[in-house]
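The following note sets out comments on the helices, their contacts and selected loop residues. The points are numbered for ease of reply.

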Amino acid sequence: MVSTYLSYNLVVRDMKASMARTANDAMVKRDGEYYKANIGKVRSVDEFLKDHRLYTYAMRAYGLEDMAYAKAFMKKVLESDLGDTNSFANKLTDSRYRDFASAYQFGTGTKMPQTEHQTEEMIDLYTDRIEQNDRAVTAETSYYDAMLTRVKSVDEFLANPRLRDYMFKAYDIDGRNYDRALIRGLLVSDPNDSASFFNTQILPKVVDAKAAIEDVAPILDKIGKRDAYLKNVANLQGTIEDITGMRAEIAGIQGQMGTGLDDGMLQAQINTLQRKIEATFTTFVGDKVGALKGRIAGLEAQKAEPGADVPALQTQIDAIQADVDHWQADYDSRVSIFTKKNEVAALEIQRLEPGADTAAIDQQIAALQAEIGGLEAGLEAVDLPQVAQMRDDQQAAADAIPGLPLPGADTQALSAKLTEQKNRAANYLIVAAGYEKLASAYDFGADGSVPAGGAQTDANRKIATGNYVSKQERLTRAGALLNDQYFRETVNSFTSASQMLEDSRIVSYLKAAFGLSTYGAIVTSTLENALTTPASEADLEDPDNFIRKNYSGRPYYNNLIALSRAFNFNSDGTLPAGKYPVDADKLLSLSNGYFSGYNDVVEAADERAITGLKKALGAFNTTAGKIANVDHLVNNAAVYEFAMKAVGLDVNEVSKRIMKNVLKSDLQDPKSFVYTLKDDRYLQFAKLFNFDKDGKLTWARMAQSEERMKNTAKDYIIQKIRFLSGTEKKTAKAAAEKEAEHYTDKLGKISTRKELLADRRLIDVALVARGIDPKKVTNDYIRKIFESDLGDPKSFANTEKDYRFAEIAASYNFDRKGNVIRTSSEVIQTAGGILETTNLYLRQTIESTQGEENAGVRLALYFERKVADITSAYDILSDNALSEVFRTVFSLQDEVAAMDVDQQAKLVDKYMKLSELKNPDKLAAMLRRFTVMYDLKNNSTGSLAATLLSGAGATITADTLMAIAQLRGRR
């Protein structure tokens, strides 16, 4: 028998060659080819378990062939969610089950509009866009300030797109289709010059627009009045019909009384109808009050007209006001009667309940009825004739309005025509007001030249930059700086708290400076109460102190105290003699507070937007039918608008038709629609979602599957903290987690193999995760690995001794040109996973074959394969094979295995320096020692073992080992 030492070294001196020889075995080759050809066809756990050849191949690859019979058990393993620590596979102590479950992905084949990584990328773009916009606003404002002093003419100004766009934003001009001649004319206009462009071209149109409004206003007013009268006529007629119908119904019910039916029930129906009638009359009286008040309003308007007979009009108003007071009192009484009758009805129901105090209830009912009787005695007699009279009066008022076509289609057409004319004229007045502001904002000469004082005065330049900053979608840092400057320049000009709080800009500043912006309960009166309440420590000891009494215990209590202490207002809101609102030494702290809190509101809004986005996407990604094509996406505001903002596109400026074509674009085709737009924002948008050329859902395009990415990152962290403890482990873990996060974040953005290879940090994470020292791997070497054709057994990656490099390359999704491809998530195992499984199968086969002749070789090979999973002494002790290797290496008796496990762990730590297992040379030396000690322990090939252990012999080369093996084989 060949020694353990020799047999082991014959295998491991070129493991790749050993695996290749095993792979060429006829049965192994057939099983491997079957696995590769059929694993991609499996879609469910049941299909996998039913295919005996696939299933047993996989079980052997992961060292679980002895459990192949337990299919129900293995089904639970395969269906486990490894992200859930309480899942079935994660609860099993044997890590082989987790490795097996991790190798296959069942139930993850749903096409989704957006992967988890794409969602995070979109959120990152959204937050980055906010920061970019902040920087852009500051940069554009600085550019505007600098370049405005350098332009020599209005034409040079308009020819500069950055200056021009800045002006458009500042003065609300739509720059997409602007009239250059119009804008130029306004810029060279002097509103005080009657011959200027504004006064000769714009002002006459303003006059015409005002005249147009004045012309149509009286007619529209008459149409409106008549419509109101006629609406009242219809309502009053409806009241008459309703009351008449209810009275007829009452008469019918009364006719049924005394006929053997339940008279009590019939009376209850009558009472209900009677209350409805009373309520209807109450509404009528209220409408009558409203009509009278309307007449007063009309007469008040006439008083303001030129030449009005004010005394006579006032006499009419006074007379009508007397009627208003009378009918208002009547209306109030009716409402009170209605309420009290409902109370009586409720008491009558109480009276029927068991144990009711009927005497007390009767007393309450009697008191209410007495009150009702008193109120009813004072009511005006109102019945249908009064309603009919009011209806006729309203009709007469409508008929008395002159100069209108008959009610109906003709009046509607006239109203629509005049309203359109009025709106068009009103809109022009708004536009013209903007033109006037623009003409007043710049000082270009009539010939377009720049006067000695510049194109814009300092005051107008400040207005322009203030407008530009304030018109941004959200408050930027530049806007905050302007607000702070405004506060500093303005705050001490106020003489009272109420005057200061009339300035909305100051109110917003104070809320931000004192952390009050996000509290809906904080209104202007809250601030005024705080500003006018003393809040020293002594003041707050008073239980009646306003701040303490009303706000103690609330989350913003201390904020209000700080606000009170920052200002000098008296309790009546005035200032002490010689005092300003804020002392100079407190302005800095207010500014600091403002810059800490000015964006609290928008940040809270961002958080809500992101939460809403994730909720919406969660629904889409778990309910297949909710978003199946590009139409569904662009019509969902929560997702679509967020994504557009994230890439910097405006939903109001870019049509959905364009964005649907963007989503349908083939990103691998340089001639596809998205590339014709020549704007990276559209390309970013397309990369955020997963749709095919027909606009239907497809698989995500990722350099590595999300599951594989997560596993690589996890394995990297494990490798970086192996055998560390205490502070060293904590520090290493923090650094590893940061690097792993960089890996998952950056890899999701990779679109070509070239980009991956250019980022050595990514490559190093992948290498370390597989237990490879990155320092020993050159960039040129890793490039050759990734550029290899993994389907060619003679390619560079497939002929290298360390098969882990080929597995790493196979775990990424690149085509032959190096572009990221879409990979179906319906397959249960990726190409990289298949390669790892087949390699594991070959390793297991080698170990099993060697073990048939020499169990020691199998143990050594097993230890060498599993060593990367060892992180502590307990990993060795929990595996019988690993612990046997340990005991053999250090000549420990088998009885040690019966000791307390913690005591065994101490022995492992005493004899074995676990950190040396990461060193390939020291690991190899330890396993050579094991093979020799194994033979000594089992009394095999003793003479050779003794020689090797003594170190007396010369170095034994691989050729010598082979020769010895051949000699032994001839015996």
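1. In this predicted model, helices α12 and α18 are oblique to each other, because an angle between 35 and 65 degrees falls in that class. The angle at which α12 (residues 180-187) and α18 (residues 409-441) pack is about 55 degrees, and their axes lie 7 Å apart. On the α12 side, the contact is made by L182, I183, L186 and L187, and on the α18 side by Y435, L438 and A439. By class, the residues of this contact comprise 7 nonpolar, no polar and no charged.

2. A second helix pair has another geometry. Helix α3 (residues 26-38) packs with helix α5 (residues 52-61) at an angle of about 110 degrees, with an axis separation of 10 Å. The two helices α3 and α5 are therefore roughly perpendicular to each other, since angles from 65 to 115 degrees are classed in this way. From α3, the residues R30, D31, G32, Y34, Y35 and N38 take part, and they meet R53, L54, Y57 and A58 of α5. The residues of this contact divide into 5 nonpolar, 2 polar and 3 charged.

3. Helix α16 merits a check of its length. For its 20 residues (358-377), a rise of 1.5 Å a residue gives an expected span of 28 Å, and the end C-alpha atoms are 28 Å apart, which agrees. Its buried residues are I361, I365, L368 and I372. They lie on the same side of α16, because the arc that they cover around the axis is only 70 degrees. The general background is that an α-helix has 3.6 residues a turn, so residues three or four places apart point the same way.

4. Which helix do the buried residues of α16 pack against? Their partner is α15 (310-351). On the other side of α16, the exposed residues are A359, Q363, A370, G374 and A377.

5. Helix α1 (residues 4-12) is largely enclosed by the rest of the structure, because 8 of its 9 residues are buried. The buried residues are T4, Y5, L6, S7, Y8, N9, L10 and V11.

6. Two loop residues call for comment on their backbone. As a general matter, most residues other than glycine have a negative phi. F723, in the loop between α33 (706-721) and α34 (726-747), has a positive phi, near 70 degrees. Is F723 buried or exposed? With a relative accessibility of 19%, F723 counts as buried, because the cut-off for burial is under 20%.

7. S891 also has a positive phi, with a value near 55 degrees. This residue is found in the loop between α43 (880-889) and α44 (901-911). S891 is partly exposed, at a relative accessible area of 45%.

8. Helix α43 also contains R887. What is the relative accessible area of R887? The value is 9%, so R887 is buried. Leaving aside residues up to four places away in sequence, R887 touches L892, Q893, D894, V896 and A897.

Notes. Residues numbered from 1 in each chain as written. Predicted model: local features only at pLDDT ≥ 70, side-chain atom pairs only at ≥ 80, totals over all residues. Heavy atoms only, no water. Helix = DSSP H or I, 4+ residues; strand = E, 2+ residues; numbered from the N terminus. Expected span 1.5 Å × (residues − 1). Buried < 20%, exposed > 50% of the residue type's maximum accessible area, 1.4 Å probe, protein only. Arc of directions from axis to C-beta. Contact = heavy atoms within 4.5 Å. Axes fitted to C-alpha atoms, helices over the stretch in contact; angles between N-to-C directions. Parallel < 35°, antiparallel > 145°, perpendicular 65-115°, else oblique. Nonpolar A, V, L, I, M, F, W, Y, C, P; charged D, E, K, R; others polar.
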